[in-house]
Amino acid sequence: MKIAVLPGDGIGPEVTHEALRVLDALRLPGLTLFEGDVGAAGYRDHGHPLPPETLQMAREADAILFGAVGDPSCDDLERHLRPEQAVLGLRKELQLFANLRPATMFSGLEELSGLRPEIARQIDLLIVRELTGDVYFGDKGTRTTDSGEREGWDMMSYSESEVRRIAHTAFRAAQTRQNRLTSVDKANVLETSQLWRDVVIEVAVEYPDVALEHMYVDNAAMQLVKAPGAFDVVLTGNLFGDILSDLASMCVGSIGLLASASLGDRQTAHGTFGLYEPIHGSAPDIAGQGKANPMATILSAAMMLRHSFGLEDEAKRIEDAVARALKNGIRGGDLGGDMGCEAIGKAVCERL
Ligand SMILES: NC(=O)c1ccc[n+]([C@@H]2O[C@H](COP(=O)([O-])OP(=O)(O)OC[C@H]3O[C@@H](n4cnc5c(N)ncnc54)[C@H](O)[C@@H]3O)[C@@H](O)[C@H]2O)c1
Ligand SMILES: CC(C)[C@H](C(=O)O)[C@@H](O)C(=O)O
Ligand SMILES: [Mg+2]
């Protein structure tokens, strides 16, 4: 079981360290870790946010454990040299088109969610976000027009095959859950979304046991706050999924709790090759202070054991340990507590 560990920038190395502490505590036989530079760290030491040697390491691994990238000191660099290009490059190069972002309410956090506790208690949803298409990867650029005005553009597009494969992922996920799928788009305005909707309806024919509904993204944002318990699986595109997952994180209490798996078609000996990362970023405002909540990254490591290594029992053990830690009042600053990153990592280990 080869894991490429890419801690990245800001709080990335801090939270990754705690996820590795938890993996270490499980004493899994046959685990080999390789560490690589990405993001600003990659740019500083190798001249590129995704150095070729890091990409090669990622390709040769069975799974990637990713911290976060992003550094304000890189804001003036050309776009292809900015830290964020590392994670976009990995997703595209490795064809990790299916991004799973579960949001589940943890017992004890109902009062912290910002929603009414009786509403927050019902949250148990999975966002299935398309990850290698959309406006993220279309033609883009800036120019000065003939009239001397600056102009920027990002082309939004989806091909039928891109929508079809992520739709299958979402329908199959719904079959393992409550058999309900909400496809989120902006079909009242966007051509891309009209195609999205048509293809999802076609794919639905193969899943008669799954109840499909369609929702516009603006309404979906509102419904996630009003009645999040109504969602089971949410299928959406790259940009909408990015925004809705940050929103969902605050419904369960903090962005420091939401994990993710990014999967493609490549199989490993015991599962699917994937990249695992918290949904949050490098949090420059708290970086280097030991204040980050590592739970999202710890839960991402659990997803890695489940999806890439077929270790369901061990994944459940980690998830249970995090749930019990939260129930016992283990809280970082993001949840109104005062425990630091390392103390939270150790508290989870004690409960394994
Ligand atoms: N996958 C990634 O690597 C990824 C994801 C999102 C943002 N980014 C990058 O990260 C940088 C900062 O972006 P941002 O500020 O918009 O988003 P962010 O997610 O880094 O931070 C948003 C807010 O949430 C807080 N926060 C985030 N994670 C936390 C944690 N684990 N514990 C406690 N608090 C936490 C931060 O302190 C900040 O106040 C940018 O360069 C952005 O592009 C990277
Ligand atoms: C850093 C950025 C490119 C990334 C995204 O937009 O996908 C992040 O926000 C995420 O949610 O993983
Ligand atoms: Mg995001």
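The following legends accompany close-up views of a predicted model of a protein chain with ligand 1.

**View 1. Overall fold of the protein chain.** The predicted chain contains twelve helices and twelve strands. Its radius of gyration is 20 Å, close to the 20 Å given by the globule rule for 352 residues, so the chain is as compact as a globular protein of that length. The C-alpha trace extends over about 55 × 50 × 40 Å along its principal axes. Of the 352 residues, 51% count as buried. Among contacts with a separation of 6 or more, 76% join residues 24 or more positions apart.

**View 2. Surroundings of ligand 1.** The ligand is surrounded by 22 residues. The closest are G70, G256, H280, G281 and A283. Sorted by class, the shell comprises eleven nonpolar, seven polar and four charged residues.

**View 3. Positions annotated as "binding site".** An unreviewed UniProt entry lists R91, R101, R129 and D218 under this heading. These positions span 128 residues in sequence, and their farthest two C-alpha atoms are 26.4 Å apart, so they do not all gather at one spot.

**View 4. Environment of R91.** Residue R91, one of the positions listed by UniProt, is located in helix 4, which covers residues 84-93. R91 counts as buried because 20 other C-beta atoms lie within 10 Å, and the criterion for burial is 20 or more. When residues up to four places away in sequence are not counted, R91 touches L96, L131, T132 and S262.

**View 5. Environment of R129.** Residue R129, also listed in the UniProt entry, belongs to strand 5, formed by residues 124-130. R129 is buried, with 28 other C-beta atoms within 10 Å. Outside the residues up to four places away in sequence, R129 touches N99, R101, T236, N238, G241, D242 and S245. Of these partners, R101 is itself among the positions that UniProt lists.

**View 6. Environment of S260.** Residue S260 is part of strand 11, which runs over residues 259-267. S260 counts as buried, having 24 C-beta neighbours inside 10 Å. Apart from neighbours within four places in sequence, S260 is in contact with N99, L100, R101, Y276, E277, I279 and S300. N99 and R101 also appear among the residues touched by R129. The C-alpha atoms of S260 and L126 are separated by 10.0 Å, although the two residues are 134 residues apart along the chain.

Technical notes. Residues are numbered from 1 along each chain as its sequence is written. Chains are lettered from A and ligands numbered from 1 in the order in which they are written. This is a predicted model: local features need pLDDT of at least 70, side-chain atom pairs count only at pLDDT 80 or more; totals for chains, interfaces and linings use all residues. A residue is near a molecule or strand if its C-beta atom, placed from the backbone, lies within 6 Å of it. Ala, Val, Leu, Ile, Met, Phe, Trp, Tyr, Cys and Pro count as nonpolar, Asp, Glu, Lys and Arg as charged, and the others, Gly among them, as polar. Helices (H or I, at least four residues) and strands (E, at least two) are DSSP runs, numbered from the N terminus. The radius of gyration is taken over C-alpha atoms; the globule rule is 2.2 Å times the number of residues to the power 0.38. A residue is buried if 20 or more other C-beta atoms lie within 10 Å of its own, exposed if 12 or fewer, and partly exposed in between; C-beta atoms are placed from the backbone. Two residues are in contact if their C-beta atoms, placed from the backbone, lie within 7 Å. UniProt positions are given in the numbering used here, feature names are shortened, and annotations may be inferred rather than shown by experiment.
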